[in-house]
Each structure stands twice: as C-alpha cells, then as structure tokens.
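Please open the structure in your viewer and keep the selection tool at hand. This tour proceeds from stop to stop, naming what to select and what is found there.

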Amino acid sequence: MNWLEIKRVYFIGIGGIGMSALARYCKQQGKKVSGYDKTETTLTRELTLEGIDVHYEENMQFADKDADIIVYTPAIPTDHLELSYFRKHGYVLLKRSDLLQEITRHNRTIAIAGTHGKTTTTTLVAHILRDSGFGCTAFLGGISTNYQTNYWSSENNIIVVEADEYDRSFHKLHPYVSVITSCDADHLDIYHTHEALLEAFQHFADLTDINGLLVYRDLLPVHHFSQISYDVIRPEANVHATNLQLKNGYYYFDVQYKNETITDFMMPVPGLHNVENALAAISVCKFLGLEDNKIRNAVTSFKGVKRRFEILVDTSHVTYIDDYAHHPAEIAAAIQALRVFRPNKKLTVVFQPHLYSRTQDFVQDFARSLSQADEVILLPIYPARELPILGVTSDMLISLIKNIPARLVDKSQLLMELEKEKFEVLCTLGAGDIDQFAKPIQQMLQRR
C-alpha cells in the first residue's frame with residue numbers, strides 16, 4: 001500500500017473510539033474520509049462537524065464506491081451489506097489494526113498494551129508529551145478530559161497508540177517503546193486459555209525495537225535489551241512509589257526511578273491503580289529524556305479520561321462516578337478506589353455485564369468483585385458482537401453475589417428505579433451502552 005497514492009478512505013464502523021481516531025488522522029493527512037456506523041453518537045456528530053460524512057443505514061447509495069481503501073472493525077458482522085459489497089467487488093479491505101500497522105511502521109511508536117489500564121496510561125503518556133512541549137501524535141482508546149478528543153497530531157515523529165490485544169491486533173504494531181500494564185485472563189473467546197493470552201503478550205514484548213524500551217508490570221519472562229519493571233509498592237521493581245500518602249481521597253507520592261528519586265507527585269485521578277498507571281507513563285517519558293519538572297507538572301495537571309473513574313457529581317450529600325470497568329479485576333479496582341475516595345459511605349453499584357462469553361467465563365469472579373459493594377443493581381447483558389448463550393444471563397450473577405442486596409432491572413426502568421432511592425456513593429460500571437445513563441443520572445442527582 002502506497003499511502004501517498006491513497007486519496008479516499010471509507011470506514012465501516014467509523015464511530016468506534018479507535019476507528020474515529022484513525023478517521024481523524026486520515027482527514028488531517030488530506031484524505032477524503034467518510035463512513036458508516038450503526039447509530040449516531042456524540043463522536044459521529046463531532047466527525048460530521050469536522051467535515052467527515054457519516055451515515056447510519058446499510059446502503060450502498062451512501063457508501064463511497066470510489067474509495068481507495070476500506071477500513072473496518074472486527075465488530076462489524078461478516079454479512080454486513082456494505083462490507084459484503086466491497087469484499088465481492090475486490091476493494092482493498094483493511095482491519096483497523098492493518099491501518100495502524102502502516103502508520104506505526106514509519107514512526108517511532110509508543111505502544112501501550114494490557115488487559116486493564118492501557119487507556120489511562122496511553123492518555124497520560126500522550127498528555128505529558130503534549131503538555132511538556134515534546135509533542136506526539138496520539139491515537140487514544142478514550143476521550144481525553146484535558147483536550148476533549150481521542151486524537152491529536154504533532155510534527156514530532158513520536159506516535160502514542162493503545163495496543164489492543166483483542167484478535168491479536170497488537171502483533172501488527174512496530175513499537176519503539178512498549179508498555180504492558182497487566183495480563184489478567186480476558187478475551188477467552190479468542191485465546192481460550194490464560195496461557196495463550198500470556199504468550200500473545202510475550203510476542204508483543206518481543207516486537208520492541210532493539211534500541212527502544214520495554215516497560216512492564218506483570219512478571220512475564222521477558223529478556224529484552226532494555227527493560228524496566230514497575231509496581232506501585234513492590235520495592236524490587238525498577239520503578240516504584242515511595243512516601244505514598246492519601247489526602248482527601250487523592251494520592252501524593254515520590255517515584256523511585258532506578259537509582260534516582262523524583263519527589264512531589266500528586267495523582268489527580270483517584271485510585272491506587274492510577275498511581276501505578278502514572279509510574280508506567282513516567283518511565284516512558286524519562287526514557288525519552290523529558291525533564292523531571294515537566295513530567296511532574298504534567299502529571300499534576302492530568303484530568304483523566306472520559307468514563308475512567310469519571311467524577312460527575314461530588315457534593316457533601318452524594319458522589320456519582322461513571323467507569324468503563326467490565327472485567328472482574330477492573331470492578332474490584334474501581335470499588336477499592338471508591339472506598340478510599342469516599343470512605344464510610346454506602347456504595348451502590350449499577351453494572352451492565354459486557355458479552356455473554358465474558359460473563360460465562362468469569363461469573364464467579366464477577367460475583368466476588370461486585371460483592372464488595374453495599375448494593376448492586378444489574379442490567380441485562382450487553383451482547384455487542386455476540387449471540388446469546390443458553391443459560392447465561394445477569395440472573396446468574398445475582399444468585400452468586402453474597403451478603404448484599406442485588407437485583408436485576410431492565411434498562412427501560414433504570415432511571416425510574418434510581419429516582420426512588422437516596423444515594424451516598426453511586427457508581428455506574430460497564431463497557432456497553434450504560435454510558436447513555438450518565439448524563440440523566442447526573443442531572444437527577446444535581447436536581448436533588
């Protein structure tokens with residue numbers, strides 16, 4: 001593929017968080033960009049305002065038949081009308097990961113992978129580079145609260161990208177610096193076993209440039225020429241936090257970076273796991289040669305990522321947090337962070353399970369994590385790309401949640417149910433469409 005010869009790019013699934021960032025990149029590169037998505041969202045409306053044509057009906061009348069390449073996401077069904085047409089008529093079809101492969105091939109790429117923490121870490125690395133004046137082109141898996149976007153560009157040839165383990169797409173990247181934040185079992189519909197997932201992360205680590213750096217938390221059997229381990233507490237890690245203090249729900253700490261101590265950090269996003277994310281980002285930026293003071297100032301000014309422990313209401317009466325957590329380990333981390341952020345308060349969690357297969361694979365773990373709340377409201381499973389699995393429902397979880405009230409509520413009834421209750425701390429969790437309730441819940445609580 002000669003990128004310079006490509007004039008028109010058509011995206012199927014353009015409203016996805018990763019796809020929309022690529023669409024913005026192509027537009028910024030001077031390409032004619034258009035695309036399809038199933039539903040109109042804030043993201044697709046923003047793309048339209050930026051001059052990208054988006055339609056919401058599977059209809060070749062609206063599709064760009066003159067496109068040089070067609071980019072699609074694995075979430076698109078194989079029998080999708082437009083995808084089927086382009087495949088049948090011999091167009092050049094690229095998965096999202098194929099396009100990222102081409103982009104990262106010719107730039108120094110910082111690729112951040114992990115079953116949890118990668119979006120926040122990617123956004124924080126990109127923010128530090130931008131805030132410090134170093135510069136980067138960023139492809140984010142979420143909306144940066146600082147800049148209200150999932151993409152920006154720079155004349156610097158550094159690219160910061162979220163490396164997605166789903167479908168092994170991160171194996172197509174060309175990382176100069178790679179980060180592995182976590183390797184917990186997930187996507188077993190793809191990998192089948194945790195061991196196979198670990199092997200995939202090992203392969204990703206092995207892709208790191210010989211002159212670059214591998215930054216990792218989980219103890220993989222890595223043997224790279226230049227590598228750094230990090231951990232929020234573990235002193236044997238090359239990078240760890242010291243003098244850790246909690247003040248009003250936020251962490252203050254120093255960083256032991258190899259044999260050097262960097263003092264006076266404050267993490268403005270609650271949760272011990274976010275201190276750990278900061279250690280990974282600091283390690284990357286130190287390797288790139290940024291000054292300690294610029295790193296420190298940028299970390300302090302970081303406002304987080306939309307739907308990653310996003311504080312929507314915080315008054316003396318009630319706190320409301322919206323979070324993307326959809327894996328048992330992420331739910332446990334979110335609940336732990338809430339307990340620290342607002343201690344001794346009753347915690348109500350509204351959770352929408354994501355995928356039948358993930359619910360089936362981790363049903364016991366989900367129940368254990370959710371049981372750490374004081375009250376749980378479950379929504380039906382969000383299917384995404386999957387068909388139902390016989391017997392796999394949210395009721396499975398309710399029967400396993402121990403010692404606290406738990407009930408199932410249909411999406412159509414959720415707001416009415418919440419209107420009846422008085423909350424101290426409320427948290428909505430999930431990766432499906434539960435985010436559509438965030439604004440109405442925020443407004444409801446603010447009215448009170």
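**First stop: the second largest cavity**

Select helix H10 (residues 328-341), which supplies the largest share of the lining of the second largest cavity, 4 residues. Helices (H or I, at least four residues) and strands (E, at least two) are DSSP runs, numbered from the N terminus. The model is predicted: local features need pLDDT of at least 70 and side-chain atom pairs count only at pLDDT 80 or more, while totals for chains, interfaces and linings use all residues. Residues are numbered from 1 along each chain as its sequence is written, and side-chain values use heavy atoms, with hydrogens and water left out.

Now display the full lining of this cavity: Gly 249, Tyr 251, Pro 270, Gly 271, Leu 272, Gln 336, Ala 337, Val 340 and Phe 341. On a 1 Å grid over the protein atoms alone, a cavity is a set of points where a 1.4 Å probe fits but cannot get out; a pocket is an open set with protein on both sides within 12 Å along at least five of seven lines; lining residues have an atom within 4 Å of a point. The volume is about 30 Å³, a volume being the space filled by probe spheres set on the points, which are joined across faces, edges and corners. The lining divides into 6 nonpolar, 3 polar and no charged residues. Here Ala, Val, Leu, Ile, Met, Phe, Trp, Tyr, Cys and Pro count as nonpolar, Asp, Glu, Lys and Arg as charged, and the others, Gly among them, as polar.

**Second stop: H10 against H12**

Keep H10 and add helix H12 (residues 363-370); the two pack at an angle of about 5°, with their axes 8 Å apart. H10 is therefore roughly parallel to H12, a term for angles under 35 degrees. Axes are lines fitted to C-alpha atoms, for helices over the stretch in contact, and angles run from 0 to 180 degrees between N-to-C directions. Show Pro 328, Ile 331, Ala 332 and Ile 335 of H10, which meet Asp 365, Phe 366, Ser 369 and Leu 370 of H12; contact means heavy atoms within 4.5 Å. These residues comprise 6 nonpolar, 1 polar and 1 charged.

**Third stop: the largest cavity**

Select helix H6 (188-191) and helix H11 (356-361), each of which gives at least two residues to the lining of the largest cavity. H11 contributes the most, with 3 residues. The volume of this cavity is about 50 Å³, and 5 of its lining residues are charged, beside 3 nonpolar and 2 polar. Among them are Asp 186, Arg 358 and Arg 385.

**Fourth stop: the parallel sheet**

Which order do the 5 strands of the open sheet follow? The order is E3-E2-E1-E4-E5, and the pairing is parallel; two strands pair if DSSP finds at least two bridges between them. Strand E3 (53-55) and strand E5 (93-95) stand at the edges with a single partner strand each, so one side of each has no neighbour in the sheet. Select Tyr 36 and its bridge partner in E3, His 55. Then add helix H1 (residues 17-28), which lies across strand E1 (8-12), E2 and strand E4 (69-72) and runs at about 170° to E1.

**Last stop: the second largest pocket**

Finish at Tyr 25, Gln 29, Ile 103, Asn 107 and Ile 159, which lie nearest the centre of the second largest pocket among its 19 lining residues. Its volume is about 310 Å³.

How values were computed. Parallel < 35°, antiparallel > 145°, perpendicular 65-115°, else oblique.
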